[in-house]
Structures are given as structure tokens and as C-alpha cells.
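Dear colleague,

I am handing over the structure below, and after it I set out what I found on going through it. Please read the notes with the model open beside them.

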Amino acid sequence: MKELEFIRTALFVPGNRPDRVDKAVDTAADVVIIDLEDAVPYSQKKETRPVVREKILDYQERPVLVRINALDTGFFQEDLDAVVVEGLSCVMVPKVEAAAQILEINRGLLEVEAKKGMRPGSVSIIPLIESALAVENVFQIVSQRTDPERLFTVAFGAADFALDMGFEITKTGEELFYPRARIAVACRAAGVKPPLDTPFMIDLKDPEALEADIKRACRLGFQGKLCIHPNQIDICNRLFSPTTEEIEYAQKVVQAFDEAEAGGSAAIQLDGKFVDYPVVERCRRILKMAKRIF
Ligand code: GLV
Ligand code: MG
């Protein structure tokens with residue numbers, strides 16, 4: 001199984017549509033998330049579980065995640081029982097609102113991993129932050145350590161957040177600035193990987209609006225975005241990766257700075273820009289990211 005390192009794109013696909021799972025796996029999405037939650041009607045949850053399980057077993061070489069149902073739905077443990085199999089890298093858990101729930105999820109996973117003879121901790125978790133309470137508690141949620149450690153990062157769910165807040169999501173997304181910033185800062189402060197942004201759902205036929213939405217998340221420090229349509233993948237992968245110009249510039253900065261530092265200077269000017277330790281460190285991180293991607 002491929003280890004999860006970073007996620008620029010995570011494509012959702014309904015668990016009750018196995019044909020679409022096959023198509024999703026063939027896309028350039030970094031990971032595929034098979035949905036057992038909101039894309040699957042209540043009446044079909046039960047019959048969908050074995051279908052999802054088969055797909056995970058089919059695609060061992062591809063990071064395939066499952067979005068299970070929330071802790072208090074009555075579906076949670078049965079979902080875990082069905083989909084935790086060798087090859088499942090991660091479960092996305094919706095509607096997490098408190099740190100204690102992270103411990104509860106860990107307990108559920110430990111039980112199932114033990115039952116199936118799997119290594120404890122082999123399944124990581126991505127909680128969805130999608131209510132006002134969850135946003136308020138996000139730092140505690142991402143700071144909650146488990147034994148074994150499981151938290152990959154968190155994802156933002158704007159649709160449920162907007163429902164909770166009683167507002168409409170707009171194309172320009174000003175109303176989402178606060179929860180996004182709060183989630184990204186919380187992840188950084190807790191030392192977990194950068195979060196995943198909400199899917200863009202407002203207009204699936206407006207690539208410019210999608211691009212602007214992705215850029216908003218990039219600028220706030222998200223590592224990637226949930227996608228709800230294959231058309232969203234390429235642009236998302238591109239915008240969450242360093243560009244050729246950024247890579248070349250970063251190389252130039254690092255080289256010029258290393259030379260200056262060897263000569264006893266830790267602050268230089270390059271192409272009219274001031275370069276010091278934080279600037280060069282940012283460039284080193286861009287180069288490291290580029291190495292992992294390309
Ligand atoms: C995703 O689950 C969302 O609520 O946006
Ligand atoms: Mg949701």
C-alpha cells in the first residue's frame with residue numbers, strides 16, 4: 001500500500017456507484033475517497049458496505065480512503081467493521097466536534113484492527129471540521145494525540161458549516177475566510193500536516209471560480225482540496241504544486257544565499273527582494289515539496 005505523504009487532490013466518489021469508483025481510481029487524483037456518508041441514502045448504507053470493501057481490496061496500490069458515517073449515527077462501528085481491511089490507508093470521519101471523539105475513533109479502530117489481525121494504527125484518520133462547534137474546538141481536536149498516532153490532518157466541510165451557520169456559500173467565499181484560516185493555523189500550531197480544503201460546489205461549470213477558490217485555500221496554508229468532480233483534479237493538482245518558475249527562483253535564492261552565508265552575510269538582496277533566513281527556508285521547503293511531487 002502506498003503511504004500517504006501529502007494530498008493535493010482527494011476525489012469523492014459515491015460508495016453505491018462501483019463503476020464510478022473504477023473511473024475515479026484511473027484519474028490523477030492523489031487519493032480517492034469512497035463515500036459512505038452523504039452521497040449514500042440511508043436506505044442503502046447496509047448494502048453499500050460490502051461493495052466498498054471489495055473496491056478497497058481491488059485497489060491495493062492506490063491510496064483509497066473511505067468517508068464513513070459520523071460517530072453518533074448508529075452506522076459508525078458497522079462501517080468500520082466492513083471497510084477496515086488490509087489496504088485501507090485512512091478513514092475520513094465526518095462531523096467531529098470535540099477532542100474526545102478522536103479518542104473514541106481510535107478505540108473503534110483499535111478494536112477492528114485487533115479483530116482482523118491488522119497492525120494497530122495502520123488506518124489513519126482525517127476528521128471533517130464542518131460545524132461552528134468544530135471550528136471553535138479545532139485546535140483541541142488536532143492536538144489530541146492517540147496511541148497509536150493516527151491523525152493525518154483534518155478537512156474542512158463548508159456545506160455543513162454553512163448549513164450550521166445559516167448562510168449561503170458564495171462564489172467568492174469571503175464567508176469562509178475565518179473557518180479556513182482558523183483550521184489552517186490550528187493544524188500548524190499543533191504540528192500536524194496542513195489541512196484539506198472543502199470541495200468547490202457553487203458552480204461546476206466555472207473553472208475560473210474554482211481556480212480562485214483553490215488559490216484562496218493555498219494562500220491560507222492548505223495542502224490540498226477535496227474534489228467532487230474529475231474536472232477539478234488537474235487544476236487542483238497544478239495549483240497545489242510549486243510552478244516551474246517558483247522552483248527555479250527557489251533554486252536561485254538558495255544558491256545565492258548559501259554563497260553569501262559562506263562569505264559571512266545572512267541577508268542579501270536578489271532581484272530587488274530582501275532574502276534572509278525565513279525567506280531562504282521557505283525556498284528550501286518549496287524545493288523539497290517539488291522533489292516529492294516531480
Ligand atoms: C462536506 O462534507 C461538506 O459538508 O462540505
Ligand atoms: Mg459534510
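Gln-232 is found in the loop that runs between strand S8 (224–227) and helix H10 (233–239), in what is, as with everything below, a predicted model. With a relative accessible area of 5%, Gln-232 is buried, and its side chain reaches the backbone oxygen of Phe-200 at a distance of 2.9 Å.

The surroundings of ligand 1 come next. Which residues surround ligand 1? They are Arg-67, Leu-128, Glu-130, Gly-157, Ala-158, Ala-159, Asp-160 and Thr-198. Sorted by class, this shell has three nonpolar, two polar and three charged residues, and its largest share, three residues, comes from helix H7, which spans residues 158–165. Several polar atoms of the protein can be placed against the oxygen atoms of ligand 1: an N or O atom in the side chain of Glu-130 is 3.0 Å from an oxygen atom of the ligand, a backbone N or O atom of Ala-158 lies 3.1 Å from an oxygen atom of ligand 1, and for a backbone N or O atom of Asp-160 the corresponding distance is 2.9 Å. On its own, ligand 1 has 190 Å² of accessible area, and the protein covers 93% of it.

Glu-130 and Asp-160 appear again at the metal. The magnesium ion, which is ligand 2, is coordinated by Glu-130 through OE and by Asp-160 through OD, at 2.0 to 2.1 Å. Because Glu-130 lies in the loop between strand S5 (124–129) and helix H5 (132–136) while Asp-160 lies in helix H7, the pair ties together parts that are 30 residues apart in sequence. Are these two residues buried or exposed? Glu-130 has a relative accessible area of 5% and is buried, and Asp-160, with a relative accessible area of 18%, is buried as well, since the cut-off for that word is under 20%.

Helix H7 also holds Met-165, which at 42% relative accessibility counts as partly exposed. Met-165 and Arg-145 are 20 residues apart in sequence, and their C-alpha atoms are 29 Å apart in space.

Helix H8 covers residues 177–190, and its 14 residues reach 20 Å from the first C-alpha to the last, close to the 20 Å expected at 1.5 Å a residue. The buried residues in H8 are Pro-179, Arg-180, Ala-181, Ile-183, Ala-184, Ala-186, Cys-187 and Ala-190. After H8 comes Gly-191, whose phi is positive, near 75°.

Two other residues have a positive phi although neither is a glycine, and you may wish to look at them in turn. Lys-95, with a phi of about 55°, lies in the loop between strand S4 (90–93) and helix H4 (99–115), where it is partly exposed, with a relative accessible area of 31%. Asp-271, with a phi of about 50°, has its place in the loop between strand S9 (268–270) and strand S10 (273–275), and with a relative accessible area of 55% it is exposed, the cut-off for that word being over 50%.

The backbone holds a further feature at Asp-147 and Pro-148, which are joined by a cis peptide bond with an omega of about 0°. Pro-148 lies in the loop between helix H6 (138–143) and strand S6 (155–156).

Lastly, there are two strand residues to note. Pro-14 is in strand S1, residues 9–14, and counts as buried at 12% relative accessibility; its C-alpha atom is separated by 6.9 Å from that of Leu-36, although the two residues are 22 residues apart along the chain. Val-91 has its place in strand S4 and is buried, with a relative accessible area of 1%. How far apart in space are Val-91 and Pro-127, C-alpha to C-alpha? They are 8.3 Å apart, with their positions 36 residues apart in sequence when counted from one to the other.

With kind regards

Key:
Residues numbered from 1 in each chain as written. Chains lettered and ligands numbered in written order. Predicted model: local features only at pLDDT ≥ 70, side-chain atom pairs only at ≥ 80, totals over all residues. Heavy atoms only, no water. Near = heavy atom within 4 Å. Polar contact = N/O pair within 3.5 Å; in protein donor to acceptor, adjacent residues only side chain to side chain. Areas by Shrake-Rupley, 256 points an atom, 1.4 Å probe, with all protein chains shown as cover. Helix = DSSP H or I, 4+ residues; strand = E, 2+ residues; numbered from the N terminus. Nonpolar A, V, L, I, M, F, W, Y, C, P; charged D, E, K, R; others polar. Donors = N, O, S within 2.8 Å, 3.2 Å for Na, K, Ca; no water. Buried < 20%, exposed > 50% of the residue type's maximum accessible area, 1.4 Å probe, protein only. Expected span 1.5 Å × (residues − 1).
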